[in-house]
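Q: Hi! Could you walk me through this one? I'd like to start with the ligand.

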Amino acid sequence: MAEGITGVSTSSSTCATLECQDLTKTYYSTDPPTQVLNGIDLTVEAGEFLVVMGASGSGKSTLLYNISGMDRATSGRVFLQGRDLTSLNDTEMSQVRLTQMGFIFQQSYFLGNLNIRDNILLPALKAAPHRRDAAIGRVDALMERFGIVNVKRHGTTEVSGGQLQRASISRALASEPAVLFADEPTGALNSSMSAEVMDALTDVHAGGTTIVMVTHDPACAARGDRVIYLRDGQLIDSRELGTWTADQAAEREDALLAWLRELGF
Ligand SMILES: Nc1ncnc2c1ncn2[C@@H]1O[C@H](COP(=O)(O)OP(=O)(O)O)[C@@H](O)[C@H]1O
Ligand SMILES: [Mg+2]
């Protein structure tokens with residue numbers, strides 16, 4: 001651990017977008033307490049597309065929540081671009097989430113009384129209330145990029161699941177986050193909509209955004225640069241895939257499946 005000249009501790013590799021050191025999470029609400037993360041060390045480089053896999057209950061979502069400050073780890077440290085997130089209070093942490101992180105979940109959690117465009121716009125306005133025009137410009141450009149301009153005035157129940165998830169991606173990117181977190185973003189979609197959403201995420205990655213995505217779907221995981229595998233809250237193996245190209249999709253998925261079978265997935 002390095003001490004900067006300001007006396008504020010910084011990450012050992014400050015160029016990394018995200019780093020966690022010896023992260024543990026125990027839920028004390030159960031008897032006996034449930035230790036869900038058992039000492040995770042992880043570095044996510046700037047621009048990397050990292051995929052988290054593992055059996056159901058292995059701690060994937062918990063890891064995502066704890067490295068994104070949605071929840072507080074029991075011990076260990078998390079750094080975002082060298083800044084120690086574990087030392088922040090709740091107000092500081094929500095500001096970091098709002099301005100530097102984007103989130104996509106299995107469900108979109110859109111507000112039913114707002115149309116698609118206003119749902120996408122809302123967090124960006126909250127993040128930078130004085131830069132309304134800039135936010136509107138970014139949101140319109142994102143909707144164009146992800147092919148959902150035609151549904152911008154639609155209600156949240158008037159679009160397909162794939163359109164809704166592309167809207168979620170637009171919302172997550174509207175504040176130009178340093179890192180995009182996705183927890184099973186295709187978990188509620190059929191395979192063609194799932195491919196639609198993964199194309200959008202592949203495009204986001206190609207644009208330079210760092211992505212951390214949890215999935216149990218090898219076809220989705222094959223899009224990543226690197227896949228890590230969790231078992232019982234421990235990072236037991238990882239696999240470098242290199243940059244995704246469409247013509248290698250089948251080979252990448254096959255290689256991933258063989259590796260996952262070895263791990264007992
Ligand atoms: N709030 C909680 N209180 C107690 N146990 C929890 C809580 N959240 C998750 N768990 C437990 O932690 C383990 C890992 O959960 P989770 O991270 O959701 O796994 P995954 O996303 O890999 O399916 C599970 O055994 C789950 O029951
Ligand atoms: Mg989960």
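Q: Sure, here it is. Which helix gives the most to the shell around ligand 1?
A: Helix 1 gives the most, with 3 residues. Helices here are DSSP runs of H or I with at least four residues, strands are E runs of at least two, and both are numbered from the N terminus. This is a predicted model, where local features need pLDDT of at least 70, side-chain atom pairs count only at pLDDT 80 or more, and totals for chains, interfaces and linings use all residues. Residues are numbered from 1 along each chain as its sequence is written, while chains are lettered from A and ligands numbered from 1 in the order in which they are written.

Q: And which residues come nearest to ligand 1?
A: Tyr27, Val36, Lys60, Ser61 and Thr62, out of 13 residues around ligand 1. A residue is near if its C-beta atom, placed from the backbone, lies within 6 Å of the molecule or strand. Strand 4 (34–44) and helix 1 (60–67) are the elements giving two or more residues to that shell.

Q: How does the shell around ligand 1 divide into nonpolar, polar and charged?
A: There are 10 polar, 2 nonpolar and 1 charged residues in that shell. For the classes, Ala, Val, Leu, Ile, Met, Phe, Trp, Tyr, Cys and Pro count as nonpolar, Asp, Glu, Lys and Arg as charged, and the others, Gly among them, as polar.

Q: Switching to helix packing: at what angle do helix 5 and helix 6 pack?
A: About 20°, with the axes of helix 5 and helix 6 (residues 191–206) 8 Å apart. Axes are lines fitted to C-alpha atoms, for helices over the stretch in contact, and angles run from 0 to 180 degrees between N-to-C directions. Helix 5 and helix 6 are therefore roughly parallel (angles under 35 degrees count as roughly parallel, over 145 as roughly antiparallel, 65 to 115 as roughly perpendicular and the rest as oblique).

Q: Nice. What about helix 3 and helix 5?
A: Helix 3 (residues 116–127) packs on helix 5 (residues 161–173) at about 30°, their axes being 7 Å apart. That makes this pair roughly parallel as well.

Q: Now the sheet: in what order do the 6 strands run?
A: The order is 8-9-10-5-11-12, in an open sheet with mixed pairing. Strands pair if DSSP finds at least two bridges between them.

Q: Which strands stand at the edges?
A: Strand 8 (101–104) and strand 12 (234–240); each has a single partner strand, so one side of each is left without a neighbour in the sheet.

Q: And in which sense do strand 5 and strand 10 pair?
A: Parallel, over 4 bridges, and Val52 stands opposite Val214 in strand 10.
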